[in-house]
Amino acid sequence: TNRFKLKLGCWTTIDCNGKTVIIAFSLVPAGEPKDAFVWAFKMFRKHLGAPTVKFTDGDPGMAGAIQIVFGGDGTTHLLCLYHIFTSLFKHMRKLFGSDKAAWRAFVDMFWRIAKRSDLLSCADFEAEFADLTALARATTCCDEKTRELAFEWLAALGERREQWAARFTWKHLTLDVHSTQRAEAIHSALQHIISSSDKINKLWEKVQGFESDRCFRRFMDEHRHELVHLVPTTELSVLVRDKLVPILTEEALSRVRKQAQLASLYSVVPDNVLEEVPEKQECNRVHRVTYCRPEASSSGGTGSEGGGVGPTGLPGGAGGPIPDWVLALNLGIPDPQLAETHRTSLKECKCQESRVGGLVCRHQLAIWNQLTGVGKSIDAD
């Protein structure tokens with residue numbers, strides 16, 4: 001590819017076992033012109049069909065090509081949060097100069113906005129993003145032209161909210177993929193085994209060999225486990241043990257186990273307690289599910305100010321708060337915000353984790369544990 005200055009791009013997806021699979025690759029000119037992407041997408045659509053959801057790094061040429069080729073197929077175009085943050089740093093960091101505390105506050109606010117997934121918070125986005133913009137406008141660094149360009153970029157980011165903010169994107173089934181991290185990991189690893197002088201047939205052989213290589217599988221497993229914080233093993237509920245174990249893959253069961261382990265950390269209160277709900281329709285009853293701090297250990301806890309590991313084995317210290325980034329199977333980016341109270345039923349949760357991941361969430365499992373714990377018979381199907 002060196003002779004023609006072409007760039008290799010891999011098309012990846014995730015299988016039922018949580019493994020990354022390379023389903024196609026393309027070679028496009030180094031300048032990545034829009035017509036090259038249009039051709040690549042047309043070939044993909046011809047042989048593999050239109051994807052349901054496609055993540056990109058936000059390249060304008062690629063975005064235009066997606067609209068041209070997949071626009072009539074209902075393909076949802078989402079943006080990689082890692083690349084968004086990279087652009088955020090590029091455009092906004094200079095406004096804060098040497099004020100590191102203000103920059104950290106700005107970044108923390110951005111991640112809270114980006115990661116808040118509750119469906120009911122969609123109406124709050126405008127106000128939250130306005131606060132983020134106001135925090136940046138309070139700075140006094142840089143000339144007017146630089147500031148104008150930075151705020152133009154930030155405003156454009158706000159207009160694209162439905163492509164990156166979790167409260168809008170989690171309605172789409174992505175199997176907990178929120179970025180282009182898998183493709184980036186593959187591209188990084190491929191650099192060590194391919195050469196720019198490889199002929200096309202040799203390149204294809206190397207990509208195929210890499211896909212089936214056990215070292216690659218181990219590499220991806222380690223990469224994935226870095227993003228998910230493990231919690232102590234607890235006894236599985238009857239629902240998980242008897243209903244889900246026989247039908248889920250190992251990867252899916254692992255995800256449900258983590259949610260089941262966290263379910264015990266929540267209190268459950270019926271939201272429509274005055275409304276009569278027939279026992280056979282108990283799955284429709286709405287509950288308010290709230291994170292409940294674990295009791296302080298007898299050895300003396302550090303309270304909410306404490307660091308280290310508490311009696312539950314989770315960050316925050318004994319009796320301390322558990323950050324939302326531990327509770328959510330997303331990017332794993334630190335966030336001081338506690339898990340919100342969610343309006344939840346056995347059928348649907350406003351956190352949308354069951355939508356984006358395709359599996360039951362911890363809030364629904366908390367309701368299940370309470371209902372079955374008082375002897376009620378619920379149809380688990």
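This briefing covers the fold, the core, the strands and the salt bridges of one protein chain. The model is predicted. The chain has 381 residues, and 46% of them are buried. Its secondary structure comes to 15 helices and 7 strands.

**Overall picture**

- Contacts with a separation of 6 or more were sorted by distance along the chain: 63% of them join residues 24 or more positions apart.
- The exposed surface of the protein chain is about 20,000 Å². Carbon and sulfur atoms supply 53% of that area.
- The whole structure holds 8 salt bridges.

**The largest nonpolar core**

- This core has 28 residues. The members that touch the most others are Met92, Phe106, Phe110, Leu132, Leu154, Leu157 and Trp164.
- Four helices each supply at least two core residues: α3 (81-92), α4 (100-115), α5 (125-137) and α6 (144-159).
- Helix α4 gives the largest share, with 9 residues.
- Met92 shows how the parts meet. Beyond its neighbours within four places in sequence, methionine 92 is in contact with Trp103, Phe106, Ala136, Ala150, Phe151, Trp153 and Leu154.

**The β1-β2 hairpin**

- Strand β1 (residues 6-14) and strand β2 (residues 20-29) run antiparallel and are joined by 9 bridges.
- The two strands form a hairpin with 5 residues between them. In the turn, glycine 18 has a positive phi of about 80 degrees.
- Leucine 8 faces leucine 27 of β2 across the pairing.

**Tryptophan 11**

- Tryptophan 11 lies in strand β1.
- Its relative accessible area is 11%. Buried means under 20%, so tryptophan 11 counts as buried.
- Outside its neighbours within four places in sequence, tryptophan 11 is in contact with ten residues' worth of side and main chain listed here: Val21, Ile22, Ile23, Ala24, Phe25, Ser26, Ala40, Phe41, Phe44 and Lys54.
- Tryptophan 11 and alanine 183 are 172 residues apart along the chain. Their C-alpha atoms are separated by 7.2 Å.

**The β5-β6-β7 sheet**

- Three strands, in the order β5-β6-β7, form an open sheet with antiparallel pairing.
- β5 (266-270) and β7 (342-344) are the edge strands, and each pairs on one side only.
- Direction ignored, neighbouring strands of this sheet are turned by 30 degrees against each other on average.
- Strand β6 (residues 287-291) pairs with β7 over 3 bridges, in the antiparallel sense.
- Histidine 287 stands opposite threonine 344 in β7.

**Salt bridges**

- Side chains of opposite charge can pair when their charged atoms come close.
- Aspartate 73 and arginine 45 form a salt bridge through their side chains, at 2.6 Å from N to O. This pair links distant parts of the chain, 28 residues apart. Aspartate 73 sits in the loop between α2 (60-70) and β4 (76-79), while arginine 45 belongs to helix α1 (residues 34-48).
- Both of these partners are partly exposed: aspartate 73 has a relative accessible area of 33%, and arginine 45 has 39%.
- Glutamate 348 and arginine 355 meet in another salt bridge, at 2.3 Å from N to O. Glutamate 348 is partly exposed at 32% relative accessibility. Arginine 355 is partly exposed at 30%.
- Glutamate 353 and arginine 362 pair at 3.3 Å from N to O. Glutamate 353 is buried, at 6% relative accessibility. Arginine 362 is buried too, at 3%. Both values fall under 20%, so this salt bridge joins two buried residues.
- Arg116, Asp124, Glu128 and Arg167 are joined into one network by salt bridges that share partners.

Definitions and conventions
Residues numbered from 1 in each chain as written. Predicted model: local features only at pLDDT ≥ 70, side-chain atom pairs only at ≥ 80, totals over all residues. Heavy atoms only, no water. Core = buried A, V, L, I, M, F, W, Y, C linked by side-chain atoms within 4.5 Å. Buried < 20%, exposed > 50% of the residue type's maximum accessible area, 1.4 Å probe, protein only. Contact = heavy atoms within 4.5 Å. Pairing = 2+ DSSP bridges. Axes fitted to C-alpha atoms, helices over the stretch in contact; angles between N-to-C directions. Areas by Shrake-Rupley, 256 points an atom, 1.4 Å probe, with all protein chains shown as cover. Salt bridge = Lys/Arg side-chain N within 4 Å of Asp/Glu carboxyl O.
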